[in-house]
Amino acid sequence: MAAPALFGTAHGLREELGLPVELAVAWPWVAGVITGCLLVATAATVLPARAALRRMRRA
């Protein structure tokens with residue numbers, strides 16, 4: 001979500017300062033955070049659905 005703003009800021013600084021501005025992103029950290037969020041989202045979806053299906057089978 002922040003990538004467009006980061007790239008825009010780097011471009012704007014490059015234009016204003018006339019100096020090379022490098023955008024440094026810690027991609028392994030970004031990948032880890034995304035993976036963690038996907039795992040939490042999957043668990044938050046699967047666990048309640050599994051519990052609901054168990055209740056339905058008992059009835």
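Which residue takes a positive phi just after α1? In this model, which is a predicted one, that residue is Gly-18, whose phi is about 70 degrees.

Let me begin with the helix that comes before Gly-18. Helix α1 covers residues 3-17, and at 1.5 Å a residue its 15 residues should span 21 Å, which agrees with the 21 Å that separates its end C-alpha atoms. Leu-6 lies in this helix, and because its relative accessible area is 40%, Leu-6 is counted as partly exposed. If you look across from there to Ala-31, the two residues are 25 apart in sequence, while their C-alpha atoms are 17 Å apart in space.

Between α1 and α2 there is a loop, and Glu-22 lies in it. With a relative accessible area of 72%, Glu-22 is exposed, since the cut-off for that term is over 50%. Its C-alpha atom is 9.3 Å from that of His-11, a residue 11 places away in sequence.

I turn now to helix α2, which takes in residues 27-58. On the surface, Trp-27, Val-30, Ile-34 and Leu-38 form a nonpolar patch, and together they have about 410 Å² of accessible area. The spacing of such positions is worth a word: an α-helix has 3.6 residues a turn, so residues three or four places apart point the same way. Of the patch members, let me single out Ile-34, which is placed in helix α2 and which, at 47% relative accessibility, counts as partly exposed.

The other surface patch I would like to show you is one of positive charge, where Arg-50, Arg-54, Arg-55, Arg-57 and Arg-58 gather. Is Arg-58, for its part, buried or exposed? Arg-58 belongs to helix α2, and because its relative accessibility is 70%, Arg-58 counts as exposed.

Technical notes. Residues are numbered from 1 along each chain as its sequence is written. This is a predicted model: local features need pLDDT of at least 70, side-chain atom pairs count only at pLDDT 80 or more; totals for chains, interfaces and linings use all residues. Side-chain values use heavy atoms; hydrogens and water are left out. Patches are made of residues with over 30% relative accessible area and no salt bridge: like charges are joined within 9 Å, nonpolar side chains (Val, Leu, Ile, Met, Phe, Trp, Tyr) within 5 Å. Accessible areas come from the Shrake-Rupley method with a 1.4 Å probe; for residues, only the protein chains shown count as cover. A salt bridge is a side-chain nitrogen of Lys or Arg within 4 Å of a carboxyl oxygen of Asp or Glu. Lys and Arg count as positive and Asp and Glu as negative; His and the chain ends are not counted. The place of a charge is taken as NZ of Lys, CZ of Arg, CG of Asp or CD of Glu. Helices (H or I, at least four residues) and strands (E, at least two) are DSSP runs, numbered from the N terminus. Buried means under 20% relative accessible area, exposed over 50%, partly exposed in between (1.4 Å probe, protein chains only). The expected span of a helix is 1.5 Å times one less than its number of residues.
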